Amino acid sequence: MSLSLKKILTLPVLQEFTPVAGMGGLDRIVNTTAILDYEPLRDDFHNTSFGTGCVVLTSLLFAKENPELILPTIQWLDSQDVSAIAYKDVLVDRLPHEVIQYCEEKKLPLFRFHNAHFENIIYSIMDAIQLEDREVLTEKHLHEMIHMLMPRNDVASISSKLRMDFGDYYICYYFYPMDGLSDISMGRLLKETYLRHDIRERSIISSYKKGYFFLTSGNDPTESFYNSLVREIFPEGELKKLRVGISQILEDKTSLDLAFRQSYFAYIGSKIIGLDHCNYDQIGTLQFFVPHANTPDFDRFASGILNKISVDNEFLETAVAFVDNNGNIKDTAKACYCHPNTIRYRIKRMKNFLGLSLDGEFEIYEILSSAIKIKRLQESMSKDY
């Protein structure tokens, strides 16, 4: 999604923008913004930030001692199809007449300002653009995609409307603040991505419940590439305060719902398997359990199993320890502070309660593990609604 320059100019932080020239071009579309402080015509200048739809902010630092550089720089920016140029008049007070004349003839909007900080302008413009995305990617839409309630045509339509340059691959993260990091602080950290042109052009940030989805794209098929990007956004200390669910690397952008679903399910599953940062592949059978945990059939199954073995608290405690220790009798005995033979006796009794074969532990482990995972999922998911 994109906004017209005319609409962008209504933002409060842009009220001190004074028109200089080119006001015939206010219908130009804005989809990004970038800072230019170094003269772009040098041989070593290779910045792709200044392109179609860009509002260029500059202090004209490169022209402080060489005002003759301003016109060719403006001409170069115009050739890149930028939407507008705004200069802060702290270093250069007045522009050469030929610059103003050029912008007027080309209908290239040129503004002057004095007090506003570049970062605040960028935040405001990118917030406005992101708002357009949020109107497409609403919490209702996210809920429908996560729970497979949205028709495929609608998913494809939403994908096409997002202000995002899709590369060959994309991945989705769901960030949820744990103790020590408020959701407001996390939002502020994610907002730092607005200052990184290389990130914001290929990424979308969208709030969901008490966390944030971070959808990003690129041409690299490895998760490590995108994980390194996340580490650039979040300081190490802050990243440790987040629970993170990560989708698989995906290619078909018409399956965008899969990215949101996988990352959110990985977040839910991470709480069950005890990992703060968890990708979708790591949650194993929870990939199947998470979307169905609250259905009547799953609840009936889990409740039925656990009710049958709950004739005594020690049986339920043993069952939980048995599952948490991956069916290992000795480790379960240590967790329950009793002899392994005591655990074997309790498991035999639970087999009787459930009408299972007395041979081996695989069958009862599988059944108890499924029931306990479902109940833990139900408890975990209830806290997120």
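User: Before we look at any one helix, how are helices and strands picked out and numbered here?

Analyst: Helices (H or I, at least four residues) and strands (E, at least two) are DSSP runs, numbered from the N terminus. Just after helix α11, for instance, G274 takes a positive phi of about 80°. Two notes on reading: residues are numbered from 1 along each chain as its sequence is written, and side-chain values use heavy atoms, with hydrogens and water left out. This is a predicted model, in which local features need pLDDT of at least 70, side-chain atom pairs count only at pLDDT 80 or more, and totals for chains, interfaces and linings use all residues.

User: What span does α11 reach, and what is expected?

Analyst: The expected span of a helix is 1.5 Å times one less than its number of residues. Helix α11 covers residues 256-273, 18 residues in total, and reaches 26 Å from its first C-alpha to its last, close to the 26 Å expected.

User: Why is α11 described as largely enclosed?

Analyst: Start with the term: buried means under 20% relative accessible area, exposed over 50%, and partly exposed in between (1.4 Å probe, protein chains only). In α11, 15 of the 18 residues are buried, so the rest of the structure largely encloses this helix.

User: Which residues touch the most other members of the largest nonpolar core?

Analyst: A nonpolar core is a set of buried Ala, Val, Leu, Ile, Met, Phe, Trp, Tyr and Cys residues joined through side-chain atoms within 4.5 Å. The largest one here has 59 residues, and F213, L215, F260, Y264, L368 and L377 touch the most other members. Helix α11 gives the most to this core, with 9 residues. Take F260 as a case, with contact meaning heavy atoms within 4.5 Å: leaving out residues up to four places away in sequence, F260 touches L137, L142, M145, I146, C172, F213 and L215.

User: How is empty space found, and what is the volume of the largest pocket?

Analyst: Rolling a probe the size of a water molecule over the atoms shows where empty space is left. On a 1 Å grid over the protein atoms alone, a cavity is a set of points where a 1.4 Å probe fits but cannot get out, and a pocket is an open set with protein on both sides within 12 Å along at least five of seven lines; lining residues have an atom within 4 Å of a point. Grid points are joined across faces, edges and corners, and a volume is the space filled by probe spheres set on the points. The largest pocket holds about 280 Å³ of space. Of its 14 lining residues, I272, I273, V323, N326 and K373 are the closest to its centre. Helix α17 (362-382) gives the most to the lining, with 4 residues.

User: And how many cavities are there?

Analyst: There are 3 cavities of 30 Å³ or more, and about 60 Å³ of space lies in the largest. Helix α2 supplies the largest share of that cavity's lining, 4 residues.

User: Is Y337 buried or exposed?

Analyst: Y337 counts as exposed, because its relative accessibility is 78%. Look for Y337 in the loop between α15 (329-336) and α16 (340-354).

User: Where is D81, and what is its phi?

Analyst: D81 sits in the loop between α2 and β6. Its phi is near 65°, a positive value in a residue other than glycine. With 40% relative accessibility, D81 counts as partly exposed.
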